[in-house]
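Here is a short set of exercises to work through with the sequence and the model side by side. Try each task yourself before you read its solution.

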Amino acid sequence: MTQQQLSAGLSGKLEQHTSLSLNQRRSLEMLALPVVDLDLRLQSELQSNPMLEIEENLAAELPAANAELAVDSGNYDENDYENNGVLAESWADDLPLPGTGDANDDRRDFFSQISAPPPALKSSLLAELAVLSLPENIARAALEIVGALDDDGYLSTSTADLAMVAGVDMPEMESALKIVQQIAPAGVAARDLPECLNLQLERLGKSTAQLKQLLSIGIDDLENNRLDHLADKLHVSLAEVESMLKTLRSLNPAPGRQEGGAGVITPDLVIEKDGNSGYRVVPVYSCNMRIKVSPVYEKLLDDPLLADAERQFVSEKLASAREVVNSLKRRESTLVRLGELLIKYQRGFLDDGVEHLKSFTMKNAAAELDVSESTVSRAVDNKFVDTPQGVFPLKYFFAAGYSTADGDDVSGQAVKAMIRQLINDEDPARPLSDDAIARELKSRGVPVARRTVAKYREAINIPSSSLRKKFF
């Protein structure tokens, strides 16, 4: 039998890997933030770092699109305290320094733990419930119902489960559900689409036996545009079915959405005409995005009476403030250069609209800007640009496409626009099939397969030809 011996020792191995510094990570984070989120981030930076301040004279002219944005190269030594003028001692006495560990610090920690307010729909429902004089058990059940609503205002959780959580019986839960369904908006807390529409019809005084029957037995036929089958089931004419559909189309299938209202898009860039038959890029600013390092605090380091702990605090905050400002300038520079690429390669779109959009990928943009493709991806994600043709996501302009018979490149977005236009112009009684659309595009010099037409049609939320058909 062979005897095995165990031994312990140290060995080394060389490996090469990429590691991002804290400053690099901060720059990438700021690059990825859309303008609204960036504004919130900078508000936080301003509150947490006294070395940052908002620039004065904010009405000054914004930098030109092709202006070189100066970025501090970082050629400073944060431990070099002799590079600025002397600050008067009376100033130093009034400047805030690190936290003292008093009760206010505990207060700040407490407020940071407060949860965000509920969505607008739930807030309004809770406010309406609060003014009702409900028995404690019914109120508890109603709160469970409101908490379980989805973004569209539907109740997808079973009432039996909610009754168990609320500690009430089923009749009490049903009573609570009726109360929630009777407050605004109409149709909220429905279990399915027919119930949602019926609730709205009742609130409007438009409920009829025929409409109730249609929603009870004909919802599948409606969803699949089988109006002739539906007419047979209801023993009515197609004209009467269309009259009922007109009433249903006036209702809201997602009542929860109306409370939040339409979201307002804030563009990160504006591409506008420059008055010389060309275009220019203008970055969008908020007040908080025009920030600088406070010169007052920079001079503080020269105070010979500054304690070591305070000097260390000021030094660290100054370094952080400079990097915030530099990260902001790098973000602006990258976005402006992307805007200039759009002007260079998408002039046809800017002049004449979506159907003239050229194929241009993030890989192409990365090569032009001499950055990584992931940097371009971060720069365009969740960002918007305001153009003469409207406001568009930046991602919209970076996609592969097709070569036409004439040798031109056409963006996939342009093909979608062509498909949308063909469908808008079709005869509703004889809608175009995907095959017919593919043939029409081919006749225009754009060779797109039928399955690609189907994919693009679904991507722009247009139903198939059978669902688009109008019977009269």
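**Exercise 1. Find out how confident the prediction is, and locate a stretch that calls for caution.**

Let us begin with the overall score. This is a predicted model, and the mean pLDDT of the protein chain is 77. Of its residues, 77% reach 70 or more. Next, look for a weak region: residues 58-118 have a pLDDT below 50. In the model this stretch has 64 contacts beyond near neighbours in sequence.

**Exercise 2. Describe the nonpolar cores and pick out one residue in each to follow.**

Start with the largest core, which has 46 residues. Those with the most contacts inside it include Ile271, Leu338, Phe397 and Ile419. Helix H20, residues 412-424, supplies the largest share of this core, with 7 residues.

Now follow Ile419. Leaving aside residues up to four places away in sequence, Ile419 touches Ile437, Leu441, Val453 and Tyr456.

Then move to the other core, which lies apart from the largest one and has 23 residues, among them Ala148, Ala166, Leu177 and Ile179. Ile179 belongs to helix H8, residues 170-182. With residues up to four places away again set aside, Ile179 touches Leu129, Leu132, Leu134 and Ile138. For a sense of distance, take Ala139: it is 40 residues from Ile179 along the chain, and their C-alpha atoms are separated by 9.6 Å.

As background, nonpolar side chains in soluble globular proteins tend to be buried together.

**Exercise 3. Work out the order of the four-stranded sheet and how each pair of strands runs.**

First write down the order: the sheet is open, with strands E3-E2-E5-E6 and mixed pairing. Why does one side of E3 and of E6 lack a neighbour in the sheet? Strands E3 (279-283) and E6 (390-393) are at the edges and have a single partner strand each, so one side of each is left free of a sheet neighbour.

Then go through the pairs:

- E2 and E3 are antiparallel, paired over 5 bridges. Lys273 has Tyr279 in E3 as its bridge partner. The hairpin of these strands has 5 residues between them, and there Gly275 takes a positive phi near 85°.
- E2 (residues 269-273) and E5 (residues 384-387) run parallel and are joined by 2 bridges. Here Leu269 stands opposite Val385 in E5.
- E5 and E6 run antiparallel, with 4 bridges, and form a hairpin with 2 residues between them. Across this pair, Phe384 faces Pro393 in E6, and Asp386 stands opposite Val391 in E6.

From one strand to the next, the twist averages 25°. Finally, add the helix: H16, residues 308-345, packs on the sheet and touches E2, E3 and E5. The direction of H16 makes about 155° with that of E3.

**Exercise 4. Decide which side chains of E5 are buried.**

Which residues of E5 point to the buried face? Go along the strand and you will see the side chains alternate. Val385 and Thr387 point to one face and are buried. Phe384 and Asp386 point to the other face and are not buried.

**Exercise 5. Characterise two aromatic pairs and place them in the chain.**

The structure holds 7 aromatic pairs. Take Phe360 and Phe398: their centres are 5.9 Å apart with 45° between the planes. A tilted pair has planes from 30 to 60 degrees apart, and this pair is tilted. Now place the two rings: Phe360 lies in the loop between helix H17 (347-352) and helix H18 (362-369), while Phe398 lies in the loop between E6 and strand E7 (401-403), so the pair ties together parts 38 residues apart in sequence. Both Phe360 and Phe398 are buried.

The second example is Phe392 with Tyr396, a tilted pair at 4.9 Å centre to centre and 40° between the planes. Phe392 and Tyr396 are both buried. To finish, widen the view: Phe392 and Tyr396 join Phe349 and Phe397 in one aromatic cluster.

Notes. Residues numbered from 1 in each chain as written. Predicted model: local features only at pLDDT ≥ 70, side-chain atom pairs only at ≥ 80, totals over all residues. Heavy atoms only, no water. pLDDT = per-residue confidence, 0-100. Contact = heavy atoms within 4.5 Å. Core = buried A, V, L, I, M, F, W, Y, C linked by side-chain atoms within 4.5 Å. Buried < 20%, exposed > 50% of the residue type's maximum accessible area, 1.4 Å probe, protein only. Pairing = 2+ DSSP bridges. Axes fitted to C-alpha atoms, helices over the stretch in contact; angles between N-to-C directions. Phe/Tyr/Trp six-rings, centres within 6.5 Å; stacked < 30°, edge-to-face > 60°.
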